[in-house]
Amino acid sequence: MPKLALPLALSCLFACAHGKGLSREEAQARFSKLVTDYFAEGFAFEPTAGTVNGFHQYDPKLEDFSAARVATHVQKTQEMLDRAVALWTERVALPYDDLID
């Protein structure tokens, strides 16, 4: 029985999940902002990756892997994951090209 509890709870949660009924434009704007924020945070955390990808505003910067910076990065990444999950409930409003991203 315990092996069935988690999958059952998750399927009930996903079955009950529904969005606020965003318009296509609102959903695309939120998705676009999420993507922009994701890469901005990723390149701010690892500026060398930003430089390698051609964003030369990161050239003079080095990585900061201090405990405080890592904790901040984890928090921001978790917030972006929460936004992505919220957008998933709006998948009917997002175009196919955005859904596969």
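Q: Buried means under 20% relative accessible area, exposed over 50% and partly exposed in between (1.4 Å probe, protein chains only); which of these words fits Lys-76?
A: This is a predicted model, where local features need pLDDT of at least 70, side-chain atom pairs count only at pLDDT 80 or more, and totals for chains, interfaces and linings use all residues. Residues are numbered from 1 along each chain as its sequence is written, and side-chain values use heavy atoms, leaving out hydrogens and water. Lys-76 has a relative accessible area of 37%, so the word that fits Lys-76 is partly exposed.

Q: How many helices does the chain have?
A: Helices (H or I, at least four residues) and strands (E, at least two) are DSSP runs, numbered from the N terminus. Read from that end, the elements run α-α-α-α-α. Strands number 0, and the helix count is 5.

Q: What percentage of the residues count as buried?
A: The chain exposes about 7,600 Å², with carbon and sulfur atoms supplying 65% of it. Such areas come from the Shrake-Rupley method with a 1.4 Å probe; for residues, only the protein chains shown count as cover. Of the 101 residues, the buried part is 19%.

Q: Which residue meets Asp-37 in a salt bridge of 3.0 Å?
A: A salt bridge is a side-chain nitrogen of Lys or Arg within 4 Å of a carboxyl oxygen of Asp or Glu, and the count here is 4. The partner of Asp-37 at 3.0 Å, N to O, is Arg-83. Asp-37 lies in helix H2 and its partner in helix H4, so the pair ties together parts that are 46 residues apart in sequence. At 32% relative accessible area, the partly exposed member is Arg-83.

Q: Which residue forms a salt bridge with Glu-41 at 3.6 Å?
A: Glu-41 and Arg-69 meet in a salt bridge of 3.2 Å, N to O. Because Glu-41 lies in helix H2 and Arg-69 in helix H4, that pair ties together parts 28 residues apart in sequence. The partner of Glu-41 at 3.6 Å is Lys-76.

Q: Is His-73 buried or exposed?
A: His-73 sits in helix H4 (residues 67-88) and shares a 2.8 Å side-chain polar contact with Glu-41. A polar contact is a pair of N or O atoms within 3.5 Å; within protein, one must be able to donate a hydrogen and the other to accept it, and residues adjacent in sequence count only if both atoms are side-chain atoms. At 17% relative accessibility, His-73 is buried.

Q: Which residue forms an edge-to-face pair with Phe-45?
A: Rings of Phe, Tyr and Trp (its six-membered ring) pair if their centres lie within 6.5 Å; planes under 30 degrees apart are stacked, over 60 edge-to-face and the rest tilted. The structure holds 5 aromatic pairs. In one of them, the centres are 5.4 Å apart with 70° between the planes, and the partner of Phe-45 is Phe-65. Phe-45 lies in helix H2 (residues 24-45) and its partner in the loop between helix H3 (47-52) and H4, so the pair ties together parts 20 residues apart in sequence, with the loop member being Phe-65.

Q: Which two residues does Asp-98 touch, not counting residues up to four places away in sequence?
A: Asp-98 is placed in helix H5 and is buried, with a relative accessible area of 17%. Contact means heavy atoms within 4.5 Å. Beyond those four places, Asp-98 touches Gln-28 and Phe-31.
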